[in-house]
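Notebook open, model loaded. I want to look at how a couple of helices pack and what sits around them.

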Amino acid sequence: MKAVTRIVIVDDNGEKFFGEGPARLMRGIEKTGSLRGAAMSMGMAYTKALKLIGNAEKALGFPLTERITGGIKGGGSRITPEGKEWLLKYENYRDVCMAANAELYLEFFPEQR
């Protein structure tokens with residue numbers, strides 16, 4: 001038995017706009033240089049990936065990604081500097097919350113050690 005922590009960021013209306021899905025997409029963009037490639041690696045439709053990133057950008061008020069138009073080598077996407085900063089803050093916050101939850105779980109359920 002264990003406790004699971006999921007960190008979801010919501011807007012002022014309580015609508016989820018960022019969590020593990022968008023974070024994984026952004027890491028995938030860094031790895032593949034493409035939103036489409038990142039979505040495919042997650043088994044996600046490109047349109048869904050585009051919507052997730054678009055919703056997050058709208059809620060945050062700044063772009064997480066920038067698109068690179070095609071050419072001889074084709075197009076792609078990359079994470080903006082603001083996007084990198086946001087992703088790092090999210091991941092650090094998530095990790096601290098997960099560690100704190102693990103400690104609290106053992107405090108309340110010491111028999112699970």
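I started with the H1/H3 pair, bearing in mind that this is a predicted model. The two axes come within 10 Å and cross at roughly 105 degrees. Since 65 to 115 degrees counts as roughly perpendicular, I logged H1 as roughly perpendicular to H3.

Next I pulled the residues that make this contact. H1 brings Pro 22, Leu 25 and Met 26, and H3 brings Ala 49, Leu 52 and Ile 53. I sorted the contact residues by type and got six nonpolar, no polar and no charged.

Then I checked H1 on its own. It runs over residues 20–32, and at 1.5 Å a residue its 13 residues should span 18 Å. I get 18 Å between the end C-alpha atoms, which agrees. Which residues of H1 are buried? My list reads Pro 22, Ala 23, Leu 25, Met 26, Gly 28 and Ile 29. So the three H1 residues from the H3 contact, Pro 22, Leu 25 and Met 26, turn up here as buried. H3 is not alone in covering the buried residues of H1: the cover also includes strands E2 (16–18), E3 (65–68) and E4 (76–79), plus helices H2 (35–41) and H4 (81–108). I also noted the backbone just past the end of H1, where Gly 33 takes a positive phi of about 75 degrees.

H3 got the same treatment. Its 15 residues reach 21 Å from first C-alpha to last, close to the 21 Å expected. Buried in H3 are Ala 49, Ile 53, Ala 56, Glu 57 and Leu 60. I wanted to know how these are placed around the axis. They cover an arc of only 100 degrees, which puts them on the same side of H3. That made me recall the helix geometry: with 3.6 residues a turn, residues three or four places apart point the same way. On the other side of H3 I found Thr 47, Lys 51 and Lys 58 exposed. The cover over the buried residues of H3 includes E2, H1, H2, E3 and H4. Just after H3, Gly 61 has a positive phi of about 85 degrees.

Last stop was Thr 65, which lies in strand E3. Buried or exposed? Its relative accessible area is 8%, so I put Thr 65 down as buried, the cut-off being under 20%. Leaving out residues up to four places away in sequence, Thr 65 touches Ile 29, Ile 53, Glu 57, Arg 78, Ile 79 and Thr 80. Of these, I had already listed Ile 29 as buried in H1, and Ile 53 and Glu 57 as buried in H3.

Note on methods:
Residues are numbered from 1 along each chain as its sequence is written. This is a predicted model: local features need pLDDT of at least 70, side-chain atom pairs count only at pLDDT 80 or more; totals for chains, interfaces and linings use all residues. Side-chain values use heavy atoms; hydrogens and water are left out. Helices (H or I, at least four residues) and strands (E, at least two) are DSSP runs, numbered from the N terminus. The expected span of a helix is 1.5 Å times one less than its number of residues. Buried means under 20% relative accessible area, exposed over 50%, partly exposed in between (1.4 Å probe, protein chains only). Contact means heavy atoms within 4.5 Å. Axes are lines fitted to C-alpha atoms, for helices over the stretch in contact, and angles run from 0 to 180 degrees between N-to-C directions. Angles under 35 degrees count as roughly parallel, over 145 as roughly antiparallel, 65 to 115 as roughly perpendicular and the rest as oblique. Ala, Val, Leu, Ile, Met, Phe, Trp, Tyr, Cys and Pro count as nonpolar, Asp, Glu, Lys and Arg as charged, and the others, Gly among them, as polar. The arc is that of the directions from the helix axis to the C-beta atoms.
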